[in-house]
Amino acid sequence: MDYNKLAELLFPHITKAPEDYETLYPERNLPAGAKVTRLGPSPTGFIHLGNLYGAFVDERLAHQSGGLFYLRIEDTDDKRQVEGAVEAIISSLEFFGVTFDEGASMEGDRGNYGPYYQSLRAEIYQTYVKQLVQGGHAYPCFCTEEELNAIREEQERLKENPGYYGRWAKHRNLTLEEIQNRLEQKLPFVVRLRSQGTHDGPEEDIRTISVEDGIRGTLTMPENNQDVVLLKANGIPTYHFAHVVDDHLMRTTHVVRGAEWLPSLPIHVELFRTMGWPLPIYCHTAQLMKMEDGNKRKLSKRKDPELSLDYYRSEGYHPRAVREYLLTILNSNYEEWRLENPDAAQEDFEFTVEKMSNSGTLFDLDKLNDISKDVLVRISAAELCDFLIDWAKKYRPELVELFVGREDYLTKILDLGRQGEKPRKDFTHARQMFEFISYFYDDYFKIEDAYPENVSEEDRKTILSAYLESYDHSDDQSQWFDKIREIAAVNGYAAKPKDYKKNPELYKGHVGDVSTVIRISLMGRAMSPDIWEIQQILGEEKTKERIKKVL
RNA sequence: GACCCGUUGGUCAAGUGGUCAAGACGUCGCCCUCUCACGGCGGAAUCAGGGGUUCGACUCCCCUACGGGUUACCA
């Protein structure tokens, strides 16, 4: 077989040679040890926590080593393109603090290794496929879908491994004339790898490959023997081939991807070897899982909209909190480090792939919320105020007029009880924050909780009028509370809870019940931060007004 | 089915032959306390099972079970 002739037959329009691309995309000029990583999303526009989790690894590895992180759009599947998807991906990731140094961006491609959309790189891939054909490492396959199905059915019947390989690869040894003939008939074809892997021999003949995974250590698996499709009928490569060509030409040093790629690793290894290129370091990350019907399951785009990044954004989780959470499940020693360095920047943590877990991790909302509390308590009230407003603008526009123009008021509210050694940690995310403080705004204030049962309606009125009468807005906190104790005592309630506990039969209740009456009248709820502080923010007028309203 | 990866409390996990098997979240109890938080103290709760190897296995090997993933002209 004259492979050169075959190559010309298949790719008459390809005039460039692989060397042209090698010189066009030279080795990157980076300091020793610098890592080059990439994110390669397919543009469905949907991006979830799991993607962000992986993106952090890329980002950290690159930026920690003085390397570079780029965005490549893997749009080789024309069936799943979504309008505006790339913008959505970029903005989602940016919101959560993941930024790229190179590649696809809002303003078009940046960098010298483009184009960064795989659909625009057809000529490059074809050049390399042509080279493979010339070397006898690839061949055209004209099998139709029906033929492929028939092969699979037969394999199932014989209980043999499915796929296009060995003696099942019917077009592997077509003669030049046969190929020429089909080409003349304009039959569509794909180009397949002529795998060097063992095919039909006895099992002990199957060779294995060994690969050092950055996260998992040495991986040993059977070598590839599938004549995988390199180029689809439309001239666009499959993921496998695009990955190999792009990561070589874009000089990627570390390929971070989900564990679902593990089974196709032998294919990639064979491709790199037949191309004569060095293998990048693969880092196969654990999957983020979800519990369903008592079983763990990989996160799915279709089934788990609540795990999309947009969901967390719309709930108002602070990006720093989401990052912090992801970092704690990403590196087992992060949490410990954080305990020792509560104020350090996330970037100061030395992230290592070795410390990554390789079994699937269940997403834990309780943990996120807990972490979020600690993150938010370290953010100034003024910044929290801006954050809440930004969130409202996007997700709760009706609240904006409440906040804007009254930022001082909001800031005071958000800062409530956060001073001192043991600041309150009330906030987890923006939506919850607003619910928590909503009683400060008349439109959202309403009596939600029931008054204590041991306080009669009559006592309630007596308590509240006494409170109103004795109220002095300039009282300090202890003066204020002394008055409450007095009201309690006068009306038959213990001034101290301990007294009540000792002799419950002597009292109708204790000062806590009296406070609760006031609290509910003022806040509408039985649970809230300190009443006195709230009154100071609410102001004298509004405080009195709310008490009068329930008298 | 085949192949691959995995398996320490409810969850995230430390651990690399000798530990009373860390820690965090959650949960329960107590303390603090005018409520709720915050904080403090304490409790319950884990090495999937079976064989080896070894003086000694959570740690090494094998088998089984279970879970997950892959098996496309999707990525």
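These legends describe close-up views of a predicted model.

**View 1. Three strands form an open sheet.** The strand order is 4-5-8, and the pairing is antiparallel. Strand 4 (138–141) and strand 8 (229–231) are the edge strands. Each of these two pairs on one side only. From one strand to the next, the twist averages 45°.

**View 2. Strand 5 meets strand 8.** Strand 5 covers residues 190–193. Two bridges join it to strand 8, and the two strands run antiparallel. R192 stands opposite V229, a residue of strand 8. In a regular strand, side chains alternate between the two faces of the sheet.

**View 3. Helix 5 lies across the strands of the open sheet.** This helix spans residues 122–134. Strand 4, strand 5 and strand 8 are the strands that helix 5 lies across. Helix 5 runs at about 125° to strand 8.

**View 4. Strand 6 and strand 7 form a hairpin.** Three residues sit between the two strands. Strand 6 holds residues 208–213, and strand 7 holds residues 217–222. Six bridges join this antiparallel pair. Look for I209, which stands opposite M221 in strand 7.

**View 5. Helix 17 has buried residues under a cover that includes other helices.** Helix 17 runs over residues 430–437. Its buried residues include A430, Q432, M433, F434 and I437. Among the elements covering them are helix 10 (309–315) and helix 13 (365–377). Helix 14 (381–395), helix 15 (400–403) and helix 16 (407–415) also belong to this cover. In an α-helix, residues three or four places apart point the same way, because there are 3.6 residues a turn.

Terms used: Residues are numbered from 1 along each chain as its sequence is written. Chains are lettered from A and ligands numbered from 1 in the order in which they are written. This is a predicted model: local features need pLDDT of at least 70, side-chain atom pairs count only at pLDDT 80 or more; totals for chains, interfaces and linings use all residues. Side-chain values use heavy atoms; hydrogens and water are left out. Two strands pair if DSSP finds at least two bridges between them. Helices (H or I, at least four residues) and strands (E, at least two) are DSSP runs, numbered from the N terminus. Axes are lines fitted to C-alpha atoms, for helices over the stretch in contact, and angles run from 0 to 180 degrees between N-to-C directions. Contact means heavy atoms within 4.5 Å. Buried means under 20% relative accessible area, exposed over 50%, partly exposed in between (1.4 Å probe, protein chains only).
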